[in-house]
Amino acid sequence: MTCLGSLKLANQKNHHGHERASDLMTFNNLTEAPKYSFKYNVSPFNSTMHRFSRRSLPSSLLNASVRRSRRVATAASSSSPFTASTAENGSKLRWYSAISANRSNLLRSSSTQLSNDLVLGNRYESTATHSDATATPAPEVEKFEYQAEVSRLMDLIVNSLYSNKEVFLRELVSNASDALDKLRFLSVTDPGLLQEGGDLDIRIQADKDNGLITITDSGIGMTKQELIDCLGTIAQSGTAKFLKAVKESKDAGGDNNLIGQFGVGFYSAFLVAEKVVVSTKSPKSDKQYVWEGEANASSYNIGEETDPAKLIPRGTRLTLHLKRDDKHFADTDRIEKLVQNYSQFVSFPIYTWKEKGYTKEVEVDEDPAEAKTGEDGQTEKKKKTKTVVERYWDWDLINETQPIWLRTPKDVTTDEYNEFYKKTFKEYLNPLASSHFTTEGEVEFRSILYVPAASSMGKDDMVNPKTKNIRLYVKRVFISDDFDGELFPRYLSFVKGVVDSNDLPLNVSREILQESRIVRTMRKRLVRKAFDMILGISMSENRADYEDFWDNYGKYMKLGCIEDRDNHKRLAPLLRFFSSQSEEEMISLDEYVNNMLPDQKDIFYIAADSVTSAKNAPFLERLADKKMEVLYLVDPIDEVAIQSLKSYKEKNFVDISKEDLDLGDKNEEQEKAMKQEFGQICDWIKKRLGDKVASVQISNRLSSSPCVLVSGKFGWSANMERLMKSQTVGDSAAQMDFMKGRRVLEINPEHPIIRNLNAASQASPNDDDALRAIDLLYDAALVSSGYTPDNPAQLGGKIYEIMGMALANKWTTPEVQQPIFHHQVPETIEAEVVEPVEASTQK
């Protein structure tokens, strides 16, 4: 049978002003002659997708449920409604199939080569006639040996150079873009190179059933000798040769956008393919050549393409025969995802061959049982319709997004920056700030950086430097977003953005990033730009913007003070703290310095677990009286960050909870008099406390408390000691004791308790009540100074004892003891009997 099929593409204008093809199909004749005749006329191809109208295709061609015989019969009986309109258009016509080989049975792939060529939508300018009498002569094939030890180099490429198999598509698309760029570059001086071959684009087709991926470009192509030179050795790069020639040429100019290395990058195809076929046609040659190589082979074949059905006007077509385990890559959706991830910003349109559909209303027969009978006895049939989805295949443009970092910053609006940010990083909130810049000089690259509105990792997740927030591109080709601090330090890992460099190779590995001088220079400049962006937020008129930033990323800035000493001057102005004069709103170090007293030399701070604990600490008493501002360090990381800074604007940071505090009001004579008066009580208390304290001194920081326990200059403060004890994997007890600071008990000589104890030390130093008062005084100072008592139960017992003494008979009447009467047995008393004497005789 003969199938004379024609698919005509009539040029139309799309909304961008470019011509696009309208897909029209007519089947003119069906006979039984055993000859196939196809005509394929090439016209510039459209850059946008076309959706068929209802009448563009016969429904029998698009309805998958209709049998093959019925489809062919319907197609044969259908007349094309587009013949006249197409002829009137007068534009160039192009034959084109809108049906995939694995979706349609109209043309059997076993009969001709059309299933892989015309039916898959390849672009040819040829007329082919196949018959049983005329057979295509077998092409002459030459065998060549590789110029390098391919077995070892191939193993290096597959197992070491690339860490992910999916980068094969990135490399091959980059090579196709190179071929197109070369053609565009050379056409400036030789416009005849663009006369044939259609638009400059890249087209990718996938055949999942057969495990094939075809990548076609309409670029410069290669001659036979260029095939040998560029693909015959892995170490050769056609792009490198071209760039060298451009630089040596004085008249060619130096502006080009070539991407890849048609050599090493090309061989990445063997990551997933067991066999690669390259069919290429160069404008420099009248012949088309085919390169064919297999994985782990030591040779390759080059022959002339003699099959008219496979001829292309210009460019290169790569066909990958995938390995059994990698056939999942031959999926249109998977290819689209890879292209959008790696090659989204390639400067040429990239199309994929994709199944599409549109809805249409069709008439259906009504059930006779539902038919209505009229008054005249006749049955009234009501037409019914239903909506069906007609399927067809067409090219789909998948890289519509343009890289805005290549544009001038003044030409990009804020909305465009925000839209690019949301689309690239899958965010729904606008960023707090953005920075678009170009760096020139020793290293050239373009970048757009963003500060997200909210931390995606959480406020407490700062220990993992591996993020996917920075997308590295090399000449608009995505390389990686998996970095371990190579481009940004850990404390800036929240910054998102894109970096596009022309100085890095495409096959960037972790080792290259770590050792590259270019990367180190890029890191410095990126960090500097990130600080400028954050500083801009802090200087905004809307103070709430930086408050939002600090709530999300304040701890990151403090971490930077610990890890990056080189950028202390950039980090310090960004810090924010509460203070004794600003307990509700955080202030900067610049604001603190501006509020300092004229005779104040240092920046005072105290570390505690909360603002309430800090403001009630006894260390602040004298400073509050003198109206000296004190910073409250209430985050666990604050104290370490401030100690790492050491100073700001030539003013040292001083912890007011440590010994030898200088408030600028020393009086040597007064101190000498105090030591003479209270020297004995200091020695007496030290003797009682023993090793619990290093010394007992007269305090200059107390005004209302009797005493305080301060830390030594070196070692942990009370707050740091508390934090280290709470660590899950903290140090052992021996190491903890080693890092503990010496404790010094400072007493307030003006407090009544201290004066009473001073009198006791002179009058009765061994009195038990006085000694118990010293123990309780130390325990109270231990708690109020932020330390943890070694024996809390013992401290509680002492407090209860004192409370009992203080509260005795305070609110109750003392009980009166009543006399107790006992029953006594009367004793025997001896009595003397006296005789009565008359009264008259005595007178």
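This passage describes the fold of a predicted model, moving from the whole chain to one sheet and then to several helices.

Taken as a whole, the chain holds 24 helices and 29 strands. Of its 843 residues, 48% count as buried. Contacts that reach along the sequence are well represented: among those between residues at least 6 apart, 75% join residues at least 24 apart.

A convenient place to begin is an open sheet of five strands, arranged in the order S16-S17-S20-S18-S19 with mixed pairing. Strand S16 (433-439) and strand S19 (477-480) form the edges, each pairing on one side only. From one strand to the next, the twist averages 20°. Strands of a sheet pair through backbone hydrogen bonds, and the pairing may be parallel or antiparallel.

Within this sheet, S16 and S17 run antiparallel and are joined by seven bridges. One residue pair helps to fix the register: His436 has Ile448 of S17 as its bridge partner. The hairpin formed by S16 and S17 has five residues between the strands, and Gly441 takes a positive phi near 120° there. Although S16 is an edge strand, it is mostly covered, with five of its seven residues buried. Strand S17 (residues 445-451) also pairs with strand S20 (residues 496-501), in the antiparallel sense and over six bridges. Here Arg446 finds its bridge partner in Asp500 of S20.

Turning to the helices, H11 (residues 517-538) offers a simple check on geometry. Its 22 residues reach 32 Å from the first C-alpha to the last, close to the 32 Å expected at 1.5 Å a residue. Many positions along H11 are buried, including Ile518, Val519, Met522, Leu526, Ala530, Phe531, Met533, Ile534 and Ile537. Thr521 and Ser538 of H11 are buried as well. An α-helix has 3.6 residues a turn, so residues three or four places apart point the same way.

The same check can be applied to helix H22 (residues 768-784). At 1.5 Å a residue, its 17 residues should span 24 Å, and the end C-alpha atoms are indeed 24 Å apart, which agrees. The buried residues of H22 are Ala770, Leu771, Ile774, Asp775, Leu777, Tyr778, Asp779, Ala781 and Leu782. Two aspartates, Asp775 and Asp779, thus appear in that buried set. The cover over these residues includes helices H18, H21 and H23 (792-807), together with strands S28 (707-711) and S29 (743-747).

Ala773 also lies in helix H22, but this residue counts as partly exposed because its relative accessibility is 32%. Its C-alpha atom is separated by 9.3 Å from that of Ile753, a residue 20 places away along the chain.

Two of the helices that help to cover H22, namely H18 and H21, also pack against each other. Helix H18 (residues 668-689) meets helix H21 (residues 752-763) at an angle of about 80°, and their axes are 9 Å apart. That angle makes H18 roughly perpendicular to H21. On the H18 side, the contact is made by Glu677, Phe678, Gln680, Ile681 and Trp684. H21 contributes Ile754, Arg755, Leu757, Asn758, Ala760, Ser761 and Gln762. Sorted by class, this contact comprises six nonpolar, four polar and two charged residues.

Methods
Residues numbered from 1 in each chain as written. Predicted model: local features only at pLDDT ≥ 70, side-chain atom pairs only at ≥ 80, totals over all residues. Heavy atoms only, no water. Axes fitted to C-alpha atoms, helices over the stretch in contact; angles between N-to-C directions. Helix = DSSP H or I, 4+ residues; strand = E, 2+ residues; numbered from the N terminus. Parallel < 35°, antiparallel > 145°, perpendicular 65-115°, else oblique. Contact = heavy atoms within 4.5 Å. Nonpolar A, V, L, I, M, F, W, Y, C, P; charged D, E, K, R; others polar. Pairing = 2+ DSSP bridges. Expected span 1.5 Å × (residues − 1). Buried < 20%, exposed > 50% of the residue type's maximum accessible area, 1.4 Å probe, protein only.
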